[in-house]
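Here is a protein model to get to know step by step. Take a look at it before reading on.

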Amino acid sequence: MTETILDKIKTYKLLEIAADKSKAPLAEVETAAQAASPVRPFAKALIAAQSRGYGLIAEVKKASPSKGLIRENFDPATLASAYETGGASCLSVLTDTPSFQGAKSFLTQARNATTLPALRKDFMYDPYQVVEARALGADCILIVMASVSDAQASELEACAFDWGMDALIEVHDRAELDRALALSSPLLGINNRNLKTFETRLGTTRDLSRHVPEGRILISESGLNSPADLADMAKYGARSFLIGESLMRQPDVAQATRTLLANPVPA
Ligand SMILES: O=P(O)(O)OC[C@@H](O)[C@@H](O)c1c[nH]c2ccccc12
């Protein structure tokens, strides 16, 4: 089989993690995590927002492997603050550098500029990264089912819970969804983008949503551009959204966020 972008990411990520561990051993990162800013409730913020309107996890995203540079004028603190002004419930901050031009420091900068809870958006394989996320201030971590085993997923989830954080479990197909439902996190993200091919179809949320049981918070992720897209996804039970590119391309991010969230379909 040919190597996918996800395979390439995993290869460099494991090397990065090994290098990070030799620079800052786990005990050191744990000490930093204990001293970090207290956890802000991430899932709760979405639940509260989607009972009144839409929950938005607004993504601080400079570039992506499929689109290249998305936003030239990029200051994580300014963007995060614009998202908060526009009514976002939570932040997502890319900390991966090789594929997304993100940085670990962006997470801390973005979160410190707001009162919003923040997701560390990165490819997680090792509990070390989860503790590191908390040390950077993260309130939630991402678990991409396409790139971890069941055992890894539950280990990462348990570590997030141990540190008081939430975990967003991301799926793209039925098999990943079934594996995700064996975990206990209520936060379930359906990624409309296939991370192996970059094909993006909102049909992914439409198709998979009917297999999501009651009690999970369904988050539609990627490729969402307009209020009409959100209304469409809401018909399928997703009232929370993870959105990056379409907001990052707007000159006035606060106004674009406000416009996107205005006039939610009734719950
Ligand atoms: O920029 P978009 O199309 O609005 O998508 C945001 C987010 O869903 C996307 O960045 C994403 C979803 N899952 C990921 C996993 C890793 C990196 C990035 C992602």
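The questions below go from the whole chain to single residues.

Q: How many helices and strands are there in the protein?
A: The model is a predicted one. Its secondary structure includes both kinds of element. The count is 12 helices and 10 strands.

Q: What radius of gyration does the protein have, and why does that agree with a compact globule?
A: The protein has 267 residues. A compact globule of that length would have a radius of gyration near 18 Å, so the value found here agrees. That value is 17 Å.

Q: What does the C-alpha trace of the protein span along its principal axes?
A: The principal axes give three extents for the C-alpha trace. They are about 50 × 40 × 35 Å.

Q: What share of the contacts with a separation of 6 or more comes from residues 24 or more positions apart?
A: Burial gives some background: 46% of the 267 residues count as buried. Contacts can also be sorted by separation in sequence. Residues 24 or more positions apart account for 68% of those with a separation of 6 or more.

Q: Which domain does UniProt list for residues 6-260?
A: The span is 45% helix and 17% strand, and its end C-alpha atoms lie 30 Å apart. The name comes from an unreviewed UniProt entry. That entry lists "domain: Indole-3-glycerol phosphate synthase".

Q: Which residues come nearest to the ligand?
A: The shell around the ligand has 15 residues. They divide into 4 nonpolar, 5 polar and 6 charged. Strand β10 (240-243) and helix α11 (245-248) each supply at least two of them. The nearest are Glu221, Ser222, Leu242, Gly244 and Glu245.

Q: Is Ser222 buried or exposed?
A: Ser222 lies in the loop between β9 (217-221) and α10 (227-235). Its phi is near 80°, a positive value in a residue other than glycine. A residue needs 20 or more other C-beta atoms within 10 Å to count as buried. Ser222 has 27, so the word is buried.

Q: Is Asn263 buried or exposed?
A: Asn263 lies in the segment after α12 (253-261). Its phi is near 55°, again positive in a residue other than glycine. Asn263 has 11 C-beta neighbours inside 10 Å, so it counts as exposed.

Q: How far apart in space are Thr31 and Asn225, C-alpha to C-alpha?
A: Thr31 sits in helix α2 (residues 26-34). With 12 C-beta neighbours inside 10 Å, Thr31 counts as exposed. Thr31 and Asn225 are 194 residues apart in sequence. In space the distance is 41 Å.

Q: Why is strand β8 (residues 187-191) largely enclosed by the rest of the structure, and how many of its residues are buried?
A: In a regular strand, side chains alternate between the two faces of the sheet. Leu187, Gly189 and Asn191 point one way from β8, while Leu188 and Ile190 point the other way. Burial on both sides is why β8 is largely enclosed: the count is 5 of the 5 residues.

Q: Which residue stands opposite Gly189 in β8?
A: Strand β7 (residues 166-171) runs parallel to β8, and 3 bridges join the two. The residue opposite Gly189 is Glu170.

Q: Which residue stands opposite Arg120 in β5?
A: Strand β5 (residues 118-121) is covered on both faces. Ala118 and Arg120 are buried on one side, Leu119 and Lys121 on the other. Strand β4 (residues 90-94) pairs with β5 in the parallel sense over 4 bridges. Opposite Arg120 stands Val93.

Note on methods. Residues are numbered from 1 along each chain as its sequence is written. This is a predicted model: local features need pLDDT of at least 70, side-chain atom pairs count only at pLDDT 80 or more; totals for chains, interfaces and linings use all residues. The radius of gyration is taken over C-alpha atoms; the globule rule is 2.2 Å times the number of residues to the power 0.38. Two residues are in contact if their C-beta atoms, placed from the backbone, lie within 7 Å. A residue is near a molecule or strand if its C-beta atom, placed from the backbone, lies within 6 Å of it. Ala, Val, Leu, Ile, Met, Phe, Trp, Tyr, Cys and Pro count as nonpolar, Asp, Glu, Lys and Arg as charged, and the others, Gly among them, as polar. UniProt positions are given in the numbering used here, feature names are shortened, and annotations may be inferred rather than shown by experiment. Two strands pair if DSSP finds at least two bridges between them.
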